[in-house]
Amino acid sequence: MEVFRIQGGRALNGEVRVNGAKNAALPLLAATLLTRETCVLRNVPDLSDVRFMIEILRHHGARVETPAPGVVSVTAESVHPHTPYELVKKMRASICLLGPLVGRLKMADIAQPGGCVIGTRPIDLHLKGLSRLGCTMTQHAGYITVDATNARGGRVFLGGPSGSTVTGTSNLVMAAVLTPGVTVIDCAACEPEVVDVCVMLSRMGAKIEGLGGPTLRITGVESLRGVTHEVVSDRIEAGTYAIAAAMSGGEIVVRGAKADHLGAFLDKFEEAGADFDILDADTLRVRGSAGRLKPVDITTLPHPSFPTDLQAQFTAMLTLAGGASTITERIYPNRFMHVPELNRMGANIAVEGPCAVIRGATALSGAPVMASDLRASAALILAGLVARGETWVQRIYHLDRGYERFDERLAALGASVERLRQSAMPADLRGE
Ligand code: UD1
């Protein structure tokens, strides 16, 4: 296992380009199973989750090549329908194979994912959608078998207690594009990553109306063709670098930060006193703002509202704001595992149910901390960048699921971040 050692207090300066979005790349890779022809994805981030998705595609019989950095070519002449538990339990997002398997093979046999550290993460809406299409489902020994032989499309409302479902929407679209008849999805997720999936499918020959809106109308076609597609840039990675810049001194230009995809984030970033300019549709310039940050109240909700995937990082930033901020987490009410670790660094954050109250401004101090999930890892690293002294972040494998070479890229901006083997960490500092 690896750890990060961070010496806080360095200003960040320079330029960083964000990669393709993990949350688009995973369903886009799954969507390549919908055609026998070759699909080429560009701007694919080099992440452990992406490498794992490639392994899963190979398991399903696809030929996958990576001819150049960021390029993945998939040819799925034949596909088999069984996705074993060993694969699904390693990466929950493997459930995004369900739609492509149903679309292409008219059947799927996939292990049901469990919860994860950020919540219970049910898939009831995915299954409701498939049953409205006319699929029959049986559950056995932790697996779901779907038979879509008689599926003819239909109308489905995909809203749940926390709004729509991102992967559920992509799954249903991917199933419906090759299902005869018309499928209408009401309360479809509008996240840019879902739109990117719909854009690629349309270019493969799918008939999808309403892209980017809450109602999608899909007319099934007989087959899809191969395509070359560039993965949309990662708005969460862009937001994370923007927060890093605001927390530290200095000035960073973040390329690939699409203001159109970051509306709610930029609104709160501005309200919190962050000093930034939108240089063009794809570029932000952010200056160190620590002494001027103000408290704000944030509620996470589905896109276009504030994304839950930037909540932990924003929480880290708000520890530097003078006064009380509140965070209400409406997507994953228990997603506050970063809070006790930030408190170990001197933050004053109280959690009560789905709400956190952050009282600042805190002069954070370095400490050994433990990452619990992907975005929590990023939040702890951001805190480490501005903390007095040395911060050790353990369980960095969570970070590597979603941030490509985060350590090297922060170091290139002037941060002191080193990736070390866990054995290099003094034994008395280790949490395990
Ligand atoms: C995706 C993202 C994840 C992000 C999340 C919310 C990927 C690979 N992951 O996860 O990074 O945090 O969106 O923006 O794209 N729900 C149900 N029933 C369902 C499905 C979901 O009740 O069948 C609930 C969930 O418990 C949660 C909410 O709906 O409260 C949103 O979940 P969903 O949008 O499905 O998240 P994911 O697609 O798993």
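Here is a chat between two people going over this predicted model.

Colleague: I'm new to this one. What kind of model is it?

Modeller: It's a predicted model. Let's start with the ligand.

Colleague: Sure. How many residues are around the ligand, and which come nearest?

Modeller: There are 19 residues around the ligand, and T165, V166, T167, D309 and I331 come nearest.

Colleague: How do those 19 divide into nonpolar, polar and charged?

Modeller: The shell has seven nonpolar residues, seven polar ones and five charged ones.

Colleague: Which helices each supply at least two residues of that shell?

Modeller: Those are α5, covering 124-133, and α6, covering 166-176. The one that gives the most is α5, with three residues.

Colleague: And what about domains, where does the shell come from?

Modeller: From both domain 1 (2-19 + 233-424) and domain 2 (22-230): the shell draws at least three residues from each.

Colleague: Okay, zooming in. How far is the side chain of T167 from an oxygen atom of the ligand?

Modeller: An N or O atom in the T167 side chain sits 2.5 Å from a ligand oxygen. There's also S162, where a side-chain N or O atom is 3.1 Å from an oxygen of the ligand. For Y332, the distance between a side-chain N or O atom and a ligand oxygen is 3.1 Å.

Colleague: How much of the ligand does the protein bury?

Modeller: On its own the ligand exposes 740 Å², and the protein buries 88% of that.

Colleague: New topic: aromatics. How many aromatic pairs are in the whole structure?

Modeller: A search of the whole structure turns up eight aromatic pairs. One of them is F265 with F269: their ring centres are 4.9 Å apart and the planes make an angle of 25°, so that pair is stacked.

Colleague: Where do F265 and F269 sit along the chain?

Modeller: They're both in helix α9, residues 263-271, four residues apart, so about one helical turn separates them.

Colleague: Are those two buried or exposed?

Modeller: Buried. The cut-off for that is under 20% relative accessible area. F265 is at 1%, and F269 is at 0%.

Colleague: What about F306 and F314, how are their rings arranged?

Modeller: Their centres are 5.2 Å apart with the planes at 85°, so that pair is edge-to-face. F306 and F314 are both buried too.

Colleague: Which residues form an aromatic cluster with F306 and F314?

Modeller: F265, F269 and F276 join F306 and F314 in one aromatic cluster.

Colleague: Let's move on to α12. Why is α12 described as largely enclosed?

Modeller: Because 12 of the 13 residues in α12, which spans 374-386, are buried, the helix is largely enclosed by the rest of the structure. Among the buried ones are L374, R375, L380, I381 and L385.

Colleague: And what caps the N-terminal end of α12?

Modeller: D373 does that, with a side-chain oxygen 3.2 Å from the backbone nitrogen of R375.

Colleague: Now the backbone oddities. Which residues does a cis peptide bond join?

Modeller: H303 and P304 are joined by one, with omega about 10°. P304 belongs to the loop between β18 (297-300) and α10 (311-318). The peptide bond from G360 to A361 is cis as well, with omega near 0°.

Colleague: Where is A361?

Modeller: In the loop between β21 and β22. A367 lies in the loop between those strands too, with β21 at 355-360 and β22 at 368-370. A367 is buried, at 8% relative accessibility.

Colleague: How far is A367 from S78?

Modeller: Their C-alpha atoms are 52 Å apart, and along the chain the two are separated by 289 residues.

Colleague: Last thing: which residue has a positive phi although it is not a glycine?

Modeller: R395 does, at about 65°. R395 is in the loop between β23 (390-394) and α13 (397-400), and counts as partly exposed at 27% relative accessibility.

Colleague: And what's the story with R405?

Modeller: R405 also has a positive phi, about 45°, without being a glycine. R405 sits in the loop between α13 and α14 (406-412). At 41% relative accessibility, R405 counts as partly exposed.

Conventions: Residues numbered from 1 in each chain as written. Predicted model: local features only at pLDDT ≥ 70, side-chain atom pairs only at ≥ 80, totals over all residues. Heavy atoms only, no water. Near = heavy atom within 4 Å. Polar contact = N/O pair within 3.5 Å; in protein donor to acceptor, adjacent residues only side chain to side chain. Areas by Shrake-Rupley, 256 points an atom, 1.4 Å probe, with all protein chains shown as cover. Nonpolar A, V, L, I, M, F, W, Y, C, P; charged D, E, K, R; others polar. Domains from an automatic or database assignment. Phe/Tyr/Trp six-rings, centres within 6.5 Å; stacked < 30°, edge-to-face > 60°. Buried < 20%, exposed > 50% of the residue type's maximum accessible area, 1.4 Å probe, protein only.
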